[in-house]
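Look at the sequence and the 3D structure shown here. The paragraphs that follow go from the whole chain to its parts.

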Amino acid sequence: MPSHNWRNRFRGRGSRWTAPREAILNLLISTSKHMSAKEIYRSLLRIYPAIGLTTVYRTLDVLEQMGYLNKIPLGTGENKYELITDSSETHHHHLICTQCGRIIDYTDFEESELIKKAEQTLKTKHGFKITDYNFEFYGICKHCQERR
Ligand SMILES: [Zn+2]
Ligand SMILES: [Zn+2]
C-alpha cells in the first residue's frame, strides 16, 4: 500500500500522521524483513538523523495498537515487527532463532488443514469460534547450528 493511503487511514482514525510514523511505515513497507526497534532506529538514522530510539519504540507501540504491525517476541525480551498486509495474503508463521534473532516466515499447506480440523474440534467442544491464531516456534537456526 503506498504511503498516502496509510496517511488517509491515520486521518480516518483521528490519529496524527507524523514524520517518524511515516518514516517507520515506509521502512517496513519497503522491507520483507522483520525488524527490531534498534534495527529500525539504525536504518532510519541515516536518512532521518533527528529520530530518537524512544520515538521509535513509542511509534511502534502506537502502530501495533492500531493493528498495523505484528509484534513478534524474540524470547530475549526484544521484539521484532512486521507490517500486517491485506488479509488476502497467506497467513504465515514464524521460526525464531533465539541465538541470532533471525526470523523465518513459513506457510505449510498440511498444517493449515490441521488447523482447520482443530478449529472445527474446538468449536464443537467449547463453542469457541477462532478468529485468528499465531504460531511462533523458538529454536536455533541452521546458520547458528553450523557455527557451533
Ligand atoms: Zn540463528
Ligand atoms: Zn512474518
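Among the elements of the protein chain, which has the lowest mean pLDDT and which the highest? The model is predicted, and the predictor's confidence varies from element to element: helix H1, residues 3-12, has the lowest mean pLDDT, 75, while strand S1, residues 35-36, has the highest, 95. Over the protein chain the mean is 86, and 93% of the residues reach 70 or more.

Next comes the general layout. The protein chain contains 6 helices and 6 strands. Following the sequence from its start, they come in the pattern α-α-β-α-α-β-β-β-β-α-β-α. The C-alpha trace spans about 50 × 50 × 25 Å along its principal axes. Of the 148 residues, 16% count as buried. Among contacts between residues at least 6 apart in sequence, 45% join residues at least 24 apart.

The domain assignment divides the protein chain into domain 1, residues 1-87, and domain 2, residues 90-148. How far apart do the C-alpha centres of the two domains lie? The distance between the C-alpha centres of domain 1 and domain 2 is 23 Å. Where the domains touch, 6 residues of domain 1 are in contact with 7 residues of domain 2. On the domain 1 side, the touching residues divide into 2 nonpolar, 3 polar and 1 charged.

Now consider the nonpolar core. In soluble globular proteins, nonpolar side chains tend to be buried together. The largest nonpolar core in this model has 13 residues. Those with the most contacts inside this core are Ile24, Leu28, Ile40, Val56, Leu60, Leu69 and Tyr81. Helix H2 (19-30), helix H3 (37-47), helix H4 (53-65) and strand S3 (79-83) each supply at least two residues of the core. Which element gives the largest share? That element is H2, with 4 residues. Tyr81 is worth a closer look: leaving aside residues up to four places away in sequence, Tyr81 touches Leu28, His34, Met35, Leu60, Leu69, Asn70 and Lys71.

The strands can be followed in turn. S1, S3 and S2 form an open sheet of 3 strands, in the order S1-S3-S2, with antiparallel pairing. Why is one side of S1 and of strand S2 (69-73) left without a neighbour in the sheet? Both strands stand at the edges and each has a single partner strand, so one side of each has no neighbour there. Between S1 and S3 the antiparallel pairing runs over 2 bridges. Ser36 has Lys80, in S3, as its bridge partner.

Further along the chain, strand S4 (residues 93-97) takes part in two pairings, which can be compared by direction. With strand S5 (residues 103-106), S4 runs antiparallel, and 4 bridges join the two. S4 and S5 form a hairpin with 5 residues between them. In the turn of this hairpin, Gly101 has a positive phi of about 80°. With strand S6 (residues 136-139), S4 pairs in the parallel sense over 4 bridges. Which residues stand across from His94 in these pairings? In S5 the bridge partner of His94 is Asp105, and in S6 His94 stands opposite Glu136.

How values were computed. Residues numbered from 1 in each chain as written. Chains lettered and ligands numbered in written order. Core = buried A, V, L, I, M, F, W, Y, C linked by C-beta atoms within 7 Å. Buried ≥ 20, exposed ≤ 12 C-beta atoms within 10 Å, placed from the backbone. Contact = placed C-beta atoms within 7 Å. pLDDT = per-residue confidence, 0-100. Domains from an automatic or database assignment. Nonpolar A, V, L, I, M, F, W, Y, C, P; charged D, E, K, R; others polar. Pairing = 2+ DSSP bridges.
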